[in-house]
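Okay, thanks for coming, everyone. Let me put the structure up and we'll walk through a few spots together.

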Amino acid sequence: MVQHIKLARERRKRKSRIKAVIFFFALFCLIVGGILTLKNTAENKPLATTVDISVDNQYKALAPTEAEKITSKDGQTLSTANHDTNSNLDATSYDDDLLAVDDEVDEVDLSDKLPEDAQSALDDLLDAMDQAKRITDQFSYTVVRGDKLKDVLEMSGLEDETSKKLIASYPELKNLKAGQQFYWILNNENELEYLNWLVSEKEERIYELKDAGKFARQIIEKKSIWKKDVLKGKIESSLRASLRNLGLNNRQINQLSTALQWQVNIAKLSKGDNFAVLVTREYLDNKLTGQGNVDAIHITHSGASYYAIQADNGRYYNRQGETIGKGFARTPLQRQARISSPFNPARRHPVTGRVRPHKGVDFAVPVGTPVILPADGIVEKVAYQAGGAGRYIVVRHSREYQTIYMHLSKPLVKAGQSLKRGERIALTGNTGISTGAHLHYEFHINGRAVNPMTIKLPGTNSGMADRERKNFLVKAKSAERFLKF
Ligand SMILES: [Zn+2]
């Protein structure tokens, strides 16, 4: 059974890997396509003109003259709109697209861990391709009364010959019982390569094709046990690499990184920092099955200890049972401000009538209002787009979360700076294409804009009830003992 489940899991994994292959291939095509187009544009004058025109038009629709027109239509001047944020013309912008070209940019690459991630993704891809090449078909079947092995294998188009050969070597296959399950794989030559027979809950038998067309048998008595193990080490190149060397899989490593990211900048952990991980792993015949759970981790960095310990609810907390992460403030402002334009993926431009998704929330605030960082983070980008977002800042808070601030008058931070929640990062303004002084605020999860006003903010609301918390504290104490250096 265990083997069977493992196989099923692997099959699922393989499927998603194949999806990944397709995705990366598509991405590759896009990039190559993009490069070729650019090349064409450079070589081909008429095409270049076309591109220029379309860019021109795009800018025209949003050029200041147009914005002025909008204002005059409403019987107001642009300067009124600038100062009177309560006017019926709401301060907003119809072009906050970050994909537009920056006129100035100060940017850091925060993906220091990417090369490794990319490497592992590549490994996974190669693995998947290898698997996809090797395994053409997989089948499963549940025996009904009266079935013979040949009836089972017939489901995959195998001739009687195969079952005869198998039964000749392993007569037990003559007697099948209703309810038993089979799981099998054919190779590229459409030969039976692997047959898994779930004889009972306690036993499974595996028949594998070896050289000379013979089948080898393996009998598995399922007595898997789960053991707690403590894995200790010192960080070499990165925490990620070190955990990988200890045999943790990507999912587990990501879980831990997420759990720790609020306490310590994982990218800053350095060579020689100690770490200890408490895992519960499944063993079958003293061999790891690959199934396991990470219960806790302890890291020391610059003399301080950091813990992430899993509670029964599956989430990770620090030793005190406090939510890891200090959470996000709802808005990046000191005081409440009127929303002049809400988050709205289906918003239309009032003049062109075209859908211009509003990927953020606009706060009507006078020029010079301080922007307050809603959560700890690192400044990823400080840039300027005259034809759109104006002066804007991108802050990364974690692997998943980013916040973006547009139409600023003055940035107070530089790319690469590490900041705490509550710090001033900029003064609001009316730069770029904007119909009045406002702050355009975006909240991204995994690169996708979500409504900052309604999203369930990370790090909040994940507290434990009293009883749950008590259980957790007991668990935490024991984890701590395991994880001592
Ligand atoms: Zn906006």
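**A histidine, a metal site and a helix**

So, let's start with His 397, which sits in the loop between β16 (390-396) and β17 (401-411). Keep in mind that this is a predicted model. Is His 397 buried or exposed? With a relative accessible area of 7%, His 397 is buried, because the cut-off for that is under 20%. The His 397 side chain has a polar contact, at 2.7 Å, with the side chain of Thr 403. If we skip neighbours within four places in sequence, the contacts of His 397 include Phe 328, Leu 373, Asp 376 and Tyr 405.

Okay, on to the metal. Which residues coordinate the zinc ion? They're His 358 through NE2, Asp 362 through OD, listed twice, and His 440 through ND1, at 2.0 to 2.6 Å. The spacing of these donor residues in sequence is H-x3-D-x77-H. The four donor atoms make angles of 54 to 155°, and the site is irregular. His 358 is buried, at 0% relative accessibility, and Asp 362 is buried at 0% as well.

Last stop, helix α10, residues 466-482. Its 17 residues reach 25 Å from first C-alpha to last, close to the expected 24 Å. Phe 472, Ala 476, Ala 479 and Glu 480 are the buried residues of α10. Looking down the axis, those fall within an arc of 95°, so they line one face of the helix. Covering them are, among others, β8 (274-284) and β9 (287-301). The face turned away from the buried side carries exposed residues, including Arg 467, Lys 470 and Val 474.

Note on methods: Residues numbered from 1 in each chain as written. Predicted model: local features only at pLDDT ≥ 70, side-chain atom pairs only at ≥ 80, totals over all residues. Heavy atoms only, no water. Helix = DSSP H or I, 4+ residues; strand = E, 2+ residues; numbered from the N terminus. Buried < 20%, exposed > 50% of the residue type's maximum accessible area, 1.4 Å probe, protein only. Polar contact = N/O pair within 3.5 Å; in protein donor to acceptor, adjacent residues only side chain to side chain. Contact = heavy atoms within 4.5 Å. Expected span 1.5 Å × (residues − 1). Arc of directions from axis to C-beta. Donors = N, O, S within 2.8 Å, 3.2 Å for Na, K, Ca; no water. Tetrahedral: all angles 85-135°; square planar, octahedral: opposite > 155°, others 65-115°.
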